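This report concerns the structure shown below. Please keep the sequence and the model at hand while reading.

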Amino acid sequence: MTRRLVASLCAFALLPILASSARSSTPTVETVARPVADQLAGMRYRSIGPFRGGRATAVAGVAGNDRLFYFGATGGGVWRTDDAGQSWRNISDKYFRTGSVGAIAVAPSDPNVVYVGM
């Protein structure tokens, strides 16, 4: 009977050690998410524009120039970027007196000629 008592006491004494080693091998949110957080640590928020809110309804790029794009906004207006979207400028203010832009196309002969449908 003494051997059973000693064996039971040893089992109860080892139980917390076995339980903690089993817990440490199970991945936690912290151990899984940490590498992703480390990768994103150097990133910071920045607005790439346009600085005027709204949705784009039509977009057109220029063949042969991967940095020049135009887009038409839902509130009206055509915007242009020459730096692949880093900055945008409105090129239609004071020209359109109607609502949203529905279609936009760039003339194949001249990337400065833009056709806009309202």
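The following sections treat the overall make-up of the chain, its sheet and its salt bridges.

## Model and overall composition

The structure is a predicted model. The chain contains two helices and six strands. Read from the N terminus, these elements follow the order α-α-β-β-β-β-β-β, with both helices ahead of the strands.

The chain has 118 residues, of which 17% are buried. Its accessible surface amounts to about 9100 Å², and carbon and sulfur atoms contribute 60% of that area. Among contacts with a sequence separation of 6 or more, 35% link residues that lie 24 or more positions apart.

## The four-stranded sheet

Four strands form an open sheet in the order 1-2-3-4, and their pairing is antiparallel. Strand 1, residues 56-62, and strand 4, residues 89-90, occupy the edges. Each of these two strands has a single partner, so one side of each is left without a neighbour in the sheet.

Strand 1 runs antiparallel to strand 2, which spans residues 65-73. Six bridges join the two strands. One of the bridge pairs consists of Ala58 and Gly72, with Gly72 lying in strand 2.

## Salt bridges around Asp82

How many salt bridges does the model contain? The count is two. Both are made by Asp82: one with Arg80 and one with Arg89. In the pair formed by Asp82 and Arg80, the closest N and O atoms are 2.8 Å apart. For Asp82 and Arg89, the N to O distance is 2.9 Å. Each pair therefore satisfies the criterion of a side-chain nitrogen of Lys or Arg within 4 Å of a carboxyl oxygen of Asp or Glu. Together, Arg80, Asp82 and Arg89 are linked in a network of salt bridges.

Which members of this network are buried, and which are partly exposed? Arg80 has a relative accessible area of 14% and is buried, because the limit for a buried residue is under 20%. Asp82, at 38% relative accessibility, counts as partly exposed. Arg89 is likewise partly exposed, its relative accessible area being 42%. The values for Asp82 and Arg89 fall in the partly exposed class because that class lies between the buried limit of under 20% and the exposed limit of over 50%. The network thus joins a buried arginine, Arg80, through Asp82 to a partly exposed arginine, Arg89.

Key
Residues are numbered from 1 along each chain as its sequence is written. This is a predicted model: local features need pLDDT of at least 70, side-chain atom pairs count only at pLDDT 80 or more; totals for chains, interfaces and linings use all residues. Side-chain values use heavy atoms; hydrogens and water are left out. Buried means under 20% relative accessible area, exposed over 50%, partly exposed in between (1.4 Å probe, protein chains only). Contact means heavy atoms within 4.5 Å. Accessible areas come from the Shrake-Rupley method with a 1.4 Å probe; for residues, only the protein chains shown count as cover. Two strands pair if DSSP finds at least two bridges between them.
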